[in-house]
Amino acid sequence: MAREAQLEVAQAFAAFCRAKEAHAALHQGVQRFTANITRDEASGTLGVDIDVWHGKVTVAVIEPGVPAAEQLLVGDAIEGVGGVHCDD
């Protein structure tokens, strides 16, 4: 891998680690919370992909820089959306 590409990967990983630490501090000791996520103006999406993991709806992917990235972590369980509970 070229030196420039290695530097970009290292910088992206460092930014990811800082963001993960900030999110973990945000959720520290919190079992449940309400997140109000708005659509990203540029893409028109929430910037979040969901999945079912061990029978629970969970956050699978969060696009960098979208509003959800400030409130959610990959692996967070989603209990409901818009007042509708996520059942099996």
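Which residues is T58 in contact with, leaving aside its neighbours within four places in sequence? Hold on to that one for a moment, and hello, everyone.

What we have here is a predicted model, so let me begin with confidence. The mean pLDDT of the chain is 77, and 78% of the residues reach 70 or more. Among the elements, strand β2 has the highest mean pLDDT, at 88, while helix α1, residues 3-27, has the lowest, at 69. A word of caution goes with that: where pLDDT is low, the predicted coordinates should not be read in detail.

Now the overall layout. The chain has one helix and four strands, and along the sequence they follow the pattern α-β-β-β-β. Of the 88 residues, 15% count as buried. The accessible surface comes to about 7,100 Å², and carbon and sulfur atoms account for 56% of that surface. For those of you who like contact order, take the contacts between residues at least 6 apart in sequence: 37% of these join residues at least 24 apart.

Back to T58, then. T58 is found in strand β2, which covers residues 56-62. Setting aside the sequence neighbours within four places, T58 is in contact with D49, I50, D51, W53, G75, D76, A77 and I78. Is T58 buried or exposed? T58 is buried, because its relative accessible area is 10%, and the cut-off for buried is under 20%.

Let's stay in the strand and look at A60, which is also found in β2. With a relative accessible area of 31%, A60 is partly exposed. Again leaving aside neighbours within four places, A60 is in contact with D49, I50, D51 and V74. How far apart are A60 and I50 in space, C-alpha to C-alpha? The two are 4.9 Å apart, with their positions ten residues apart in sequence numbering.

Next, please rotate to W53, in strand β1. W53 is exposed, with a relative accessible area of 57%. W53 is also one of the contacts of T58. From W53 to G75, the C-alpha distance is 8.7 Å, and the two are 22 residues apart in sequence.

Moving on to H54, we find this residue in the loop between β1 and β2. If you go through the backbone torsions, stop here: phi of H54 is near 50°, a positive value in a residue other than glycine. Why does H54 count as exposed? It does so because its relative accessibility is 69%, and exposed means over 50%.

Last stop, the pocket. Rolling a probe the size of a water molecule over the atoms shows where empty space is left. The largest pocket holds about 690 Å³ of space. Its lining has 21 residues, and A35, L72, I78, G80 and V81 lie nearest the centre. I78 should sound familiar, as it is among the contacts of T58. Which strands each supply at least two residues of the lining? Both β1, residues 48-53, and β3, residues 80-81, do. By type, the lining divides into 13 nonpolar, five polar and three charged residues.

To wrap up, here are the points I would keep in view. T58 is buried, whereas H54 counts as exposed. Strand β2 has the highest mean pLDDT among the elements and helix α1 the lowest. Thanks for listening, and I'm happy to go back to any of these residues on the screen.

Technical notes:
Residues are numbered from 1 along each chain as its sequence is written. This is a predicted model: local features need pLDDT of at least 70, side-chain atom pairs count only at pLDDT 80 or more; totals for chains, interfaces and linings use all residues. Side-chain values use heavy atoms; hydrogens and water are left out. On a 1 Å grid over the protein atoms alone, a cavity is a set of points where a 1.4 Å probe fits but cannot get out, and a pocket is an open set with protein on both sides within 12 Å along at least five of seven lines; lining residues have an atom within 4 Å of a point. Grid points are joined across faces, edges and corners, and a volume is the space filled by probe spheres set on the points. Ala, Val, Leu, Ile, Met, Phe, Trp, Tyr, Cys and Pro count as nonpolar, Asp, Glu, Lys and Arg as charged, and the others, Gly among them, as polar. Buried means under 20% relative accessible area, exposed over 50%, partly exposed in between (1.4 Å probe, protein chains only). Contact means heavy atoms within 4.5 Å. Accessible areas come from the Shrake-Rupley method with a 1.4 Å probe; for residues, only the protein chains shown count as cover. pLDDT is the predictor's confidence in each residue, from 0 to 100.
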